Amino acid sequence: MALEEIIGPVMVGPSSSHTAGAVRLGNLARLCWGRPVTEVDLYLRGSFAATFWGHGTDRALLAGLLGLRPDDESLRESFRLASERGLRFRLHAERADGAHPNSVRFVFRGEDGRTLEVIGASMGGGAVELQSVDGFQLRATGAFPTLVTFHRDEPGVIAAVSALLAEGGLNIASMNVHRQGRGAKAAMVLELDGAPDGALLARLEACHPGLERLLVLPGPEGEV
Amino acid sequence: MRSFEAILARCREGLSLPEAVLALEEEERGIPAAEVRERMRRRLEDLEASVRGVEEHPARGRLVGGEAERMEAYLREGSPLSGPFTAQASALALKVATGNAAMRRIVAAPTAGSCGILPGVLVAYRRTFAPSEEELLAALVVAGAVGSVVAERATLAGAEGGCQAECGAAAAMAASALAVLRGGSPEDGVHAAALVLQSVLGLVCDPVAGLVEVPCVLRNGSLVGLAVLGADLALSGIRSLIPPDEVVDALGSVGRALPASLRETSRGGLAVTPTGAALARRLASEAPRLEG
């Protein structure tokens, strides 16, 4: 581990997995939703459901949904901030067989009736993992700038996306492709050495007819 | 950093302990030494800020609060057996660890549960002995290297290795930092850590009610004393007969041998004493209920 990971992270206490990790998870879920959160149900599982109060996990998750960072002391006040910003939330406990012990299922609802379900877990030491978006199993940590594609499983999507990334000078650090079946829904998680800019993103969105949606996680840049 | 031996090998080529660490960090991660130093300088500021924050606005947890102030009053009124430096470092460690419980901003060093020990020792040292910023920075770099060796050969997670891997590792890091600040040799710095680690082998993680408060906060306050003595023992020329890397390996195997009940699950140790269990029941009754 790098020295600054040993002496760090800088965070609001008391727990790297139950507080700092929960803030990151809230942020990842918010980025998946992709617009300001107005209404959300949070289903806490395992140890998150059992010990959320003692570790401020509830306040930390909400802080992430509001876009706060793990070292922002105002995360203690996230319930008040949420009501000031008109964010309605409900906390639940749920049992889910085989779920990670520190995981949360978020269900977002937009004013236009759109919904999105996101499942993520806090893996320990503040690291997190996105595990499912709208029922689609995938794996993204947010530790790098990350591009997630939701597309139809057909030839050419992966080549089109990676060719544009190459043109944009963006190196791919890791790449995972998931599909529900041949020719069915698919997703690709690309961890990059830099984040795509707006112009590149617009070209990526239009690069192949099989592409349905793109998601960009900016990575820990700027986070201490 | 994979081993103390690799660090000491660089020192035998003529580098100081912090220089050897920076050279290895540059080789292993490709981050120039100047950049690592700059990042660690910011960490040093954050460590000091974690102390100032609780000094300006004292914190209380759900089970702890007031211990740091009590220790400070005792220090002001008398002459503590552990001496003014150690007692002050202990009071500051208690403060920061209490701040962590109260959701204040801290530096996990190496973890949130052990976040008081390193700032306690470094800030008390600065206030008592007025070292230069550069000297403090060198000490912090070495503390980070000790944590890195423990992380790579064993673990820094209480859930994997018990409290020996959290407060124990923090005390070892602080001991090395102190040995460097006192002008010790590279061997002194590395053995200070090893002498601390061999004294915490088997230390369990048994938080009452699952909170990072009892016994975590007081362990921060008391293991500061072990860090100071670990440094003094090594500076006197005493060596760990078991090589430091092997001590870390032993910590890892002891951690794996610990039953799950003693690794952050609150199912053993102080957490299940009659009083620990009663406190857990009381807090559970105060917690808001989640819809099922």
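These are my notebook entries on cavities, salt bridges and a few single residues in a predicted model.

**Entry 1: cavities**

I began with empty space inside the protein. Rolling a probe the size of a water molecule over the atoms shows where empty space is left. I asked how many cavities of 30 Å³ or more there are. The count came to three.

I took the largest cavity next, and it holds about 60 Å³ of space. Which residues line the largest cavity? I noted B:Val54, B:Pro58, B:Ala59, B:Gly65, B:Gly66, B:Glu67, B:Ala68, B:Glu69, B:Leu94, B:Lys95 and B:Thr98. Two helices of chain B, α4 (67–77) and α5 (83–101), each supply at least two residues of this lining. By residue class, I found five nonpolar, three polar and three charged residues around the largest cavity.

**Entry 2: the second largest cavity**

The second largest cavity has about 50 Å³ of space. Its lining is made of B:Phe4, B:Ile7, B:Leu17, B:Val21, B:Val142, B:Ala145, B:Val146, B:Ser176, B:Gly189 and B:Val190. I then checked which elements give two or more residues to it, and these are α1 (4–12), α2 (17–29), α7 (133–153) and α10 (186–200) of chain B. The largest share, three residues, comes from α7(B).

How does the lining of the second largest cavity divide into nonpolar, polar and charged residues? I wrote down eight nonpolar, two polar and no charged.

I picked out B:Val146 for a further look, since the name had already come up in the lining. B:Val146 lies in helix α7 of chain B. Is B:Val146 buried or exposed? Its relative accessibility is 3%, so B:Val146 counts as buried, the cut-off for buried being under 20%. I also looked up the distance from B:Val146 to B:Gly189, another residue of the lining. The two are 43 residues apart in sequence, and their C-alpha atoms are 9.4 Å apart in space.

**Entry 3: salt bridges**

Over all chains, I have 37 salt bridges on record for the structure. I went through three of them in chain B.

The side chains of B:Glu38 and B:Arg42 meet in a salt bridge at 3.9 Å, N to O. That distance counts because the cut-off is within 4 Å. Both residues sit in helix α3 (residues 33–56) of chain B, four residues apart, which is about one turn of the helix. I found B:Glu38 partly exposed at a relative accessible area of 34%, and B:Arg42 partly exposed at 42%.

For B:Arg126 and B:Glu133, I noted a salt bridge whose closest N and O atoms are 3.0 Å apart. Here B:Arg126 is partly exposed at 25% relative accessibility, and B:Glu133 is partly exposed at 29%.

The third pair I opened was B:Arg219 and B:Asp206, where the closest N and O atoms are 3.2 Å apart in a salt bridge. B:Arg219 lies in helix α11 (residues 216–235) of chain B and B:Asp206 in the loop between α10 and α11, so this pair ties together parts that are 13 residues apart in sequence. Are these two residues buried or exposed? B:Arg219 is buried, with a relative accessible area of 14%, and B:Asp206 is buried with 3%.

I then looked for linked bridges. B:Arg37, B:Glu38, B:Arg41, B:Arg42, B:Glu48, B:Arg126, B:Glu133 and B:Glu134 are joined in a network of salt bridges. Among them I recognised B:Glu38, B:Arg42, B:Arg126 and B:Glu133 from the pairs above.

**Entry 4: chain A**

I turned to chain A for a surface patch. A:Ile158, A:Met175 and A:Val177 form a nonpolar one, with about 220 Å² of accessible area together. Where is A:Met175 found? I placed A:Met175 in strand β9 (residues 172–179) of chain A. A:Met175 is partly exposed at a relative accessible area of 36%, and a residue needs over 30% to be part of a patch.

My last stop was A:Leu66, in the loop between α4 (57–65) and α5 (78–84) of chain A. A:Leu66 is buried, with a relative accessible area of 11%. I also noted A:Leu217 as a partner for a distance: A:Leu66 and A:Leu217 are 151 residues apart in sequence and 16 Å apart in space, C-alpha to C-alpha.

Conventions
Residues numbered from 1 in each chain as written. Chains lettered and ligands numbered in written order. Predicted model: local features only at pLDDT ≥ 70, side-chain atom pairs only at ≥ 80, totals over all residues. Heavy atoms only, no water. Patch = residues over 30% accessible without salt bridge, like charges linked within 9 Å, V, L, I, M, F, W, Y side chains within 5 Å. Areas by Shrake-Rupley, 256 points an atom, 1.4 Å probe, with all protein chains shown as cover. Buried < 20%, exposed > 50% of the residue type's maximum accessible area, 1.4 Å probe, protein only. 1 Å grid on protein atoms, 1.4 Å probe; cavity = no way out; pocket = protein on both sides within 12 Å on 5 of 7 lines; lining within 4 Å. Points joined across faces, edges and corners; volume = space filled by probe spheres on them. Nonpolar A, V, L, I, M, F, W, Y, C, P; charged D, E, K, R; others polar.
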